[in-house]
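Trainee: Could you take me through one part of this model up close? I'd like to hear about the ligand and what sits around it.

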Amino acid sequence: MIRRSVIQGVGSYLPEKIVTNADLSKFVDTTDDWIVERSGIRERHIAADGEMTSDLAIAAATKALAAAGRDGKDVDLFIIATATPDHTFPATAARVQAALGRPGVPAFDLQAVCSGFVYGLATADNFIKAGQAKCAVVIGAEVFSRLLDWKDRTTCVLFGDGAGAVVLTAENGEGTTKDRGILSTHLHSDGTFYDMLYADGGPSSTQTTGFVRMKGKEVFRHAVVNLAEAVREALATNQFTIDDVDWLVPHQANKRILDSTADKLGLDPAKVIVTVDKHANTSAASIPLALSAGVADGRIKKGDLVLMEAMGGGFTWGSALVRM
Ligand code: UT7
């Protein structure tokens with residue numbers, strides 16, 4: 001017998017306002033053709049004035065709890081992966097915890113930018129395996145639009161806002177890869193690439209929030225290599241081949257990265273859940289948003305083998321292999 005962290009429910013929330021590439025081209029020196037060709041993005045959701053990361057996170061977590069047939073009171077761990085907290089402190093997780101009516105249990109934010117959701121899953125899984133939690137909510141939530149320099153066309157067209165959440169509960173498994181739950185997680189970071197993708201502000205440097213700065217080509221190059229490596233690591237650990245995977249749920253940064261990674265791995269592109277066209281890059285929210293889309297439209301079913309992978313600022317990257 002082994003303790004497994006089983007995904008019991010997923011949920012997501014997207015702000016109402018949709019901004020298309022054509023809308024952007026009215027105030028940014030860009031075109032729909034350029035954005036679609038280079039990134040696969042067609043539109044993104046943008047939070048309303050006053051709408052904060054905690055609002056998105058609470059909406060997504062509420063839906064995930066309903067899907068799991070659970071209540072906020074059942075939760076004994078809240079983790080929010082975000083690079084765009086409501087305030088510098090306290091953690092946005094504190095607001096979510098209060099709103100969901102479960103004071104007293106641990107609640108914290110986790111910062112690994114676009115890899116944040118995979119880092120959050122790994123952290124919650126380790127709490128559950130260690131017997132320190134029985135029901136965890138892991139949320140990826142971002143209002144990334146607030147970090148965008150609308151005068152920098154190389155970054156501002158690529159990102160969007162949203163949130164996704166999962167509810168994990170501790171279940172007993174047999175210890176085989178047929179068990180439902182998280183089978184393994186694999187995390188990496190390499191701080192020597194700090195300047196490749198970062199926000200140029202912060203409390204201890206400029207006392208401002210800063211804007212996203214990215215060396216796109218370098219990030220792209222590293223992403224394809226690191227993501228394929230993180231996938232192979234997950235497969236090798238569990239003695240699977242790529243053909244065993246039912247669904248790849250990647251971080252949605254760029255359709256070209258998704259295609260190159262699938263090609264490098266020899267994975268059928270029909271097995272890749274793609275939302276980047278509609279959501280753009282929502283950083284830590286992109287994987288749970290894509291997972292939620294795949295579950296909601298009936299593609300991802302109970303028992304399916306789902307591989308998640310992400311890469312982001314730091315650099316950070318990683319994967320999680322999960323039987324739904
Ligand atoms: O979440 C993880 C982090 N993010 C990523 O994984 C993103 C990784 N990188 C990428 O997705 C791609 O590198 C981009 C989509 C950011 C850029 O694509 P690219 O093919 O690497 O284009 P580029 O940066 O080489 O730019 C090509 C040209 C440049 O013009 P010149 O110098 O060739 O005349 C840019 O100035 O495209 C120009 N350009 C634009 N043109 C119209 C850059 N941004 C735009 C724009 N609209 N928005």
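Mentor: Let's fix a term before we start: a residue is near a molecule if one of its heavy atoms lies within 4 Å of it. Keep in mind that this is a predicted model, where local features need pLDDT of at least 70, side-chain atom pairs count only at pLDDT 80 or more, and totals for chains, interfaces and linings use all residues. Residues are numbered from 1 along each chain as its sequence is written, and side-chain values use heavy atoms, with hydrogens and water left out.

Okay, the ligand. It has 22 residues around it, and T30, R38, H251, N254 and N281 come nearest. Some of the detail is in polar contacts (pairs of N or O atoms within 3.5 Å; within protein, one must be able to donate a hydrogen and the other to accept it, and residues adjacent in sequence count only if both atoms are side-chain atoms). For N254, a polar side-chain atom sits 2.5 Å from a ligand oxygen. With R38, the distance from a side-chain N or O atom to an oxygen of the ligand is 2.8 Å, and for the side chain of W34 that distance is 3.0 Å. On its own the ligand exposes 960 Å², of which the protein buries 75% (Shrake-Rupley areas with a 1.4 Å probe; for residues, only the protein chains shown count as cover).

As for helices (DSSP runs of H or I, at least four residues, numbered from the N terminus), α2 (32-39), α6 (153-156), α7 (216-237) and α8 (255-265) each supply at least two residues of the shell. The top contributor to that shell is α7, with four residues.
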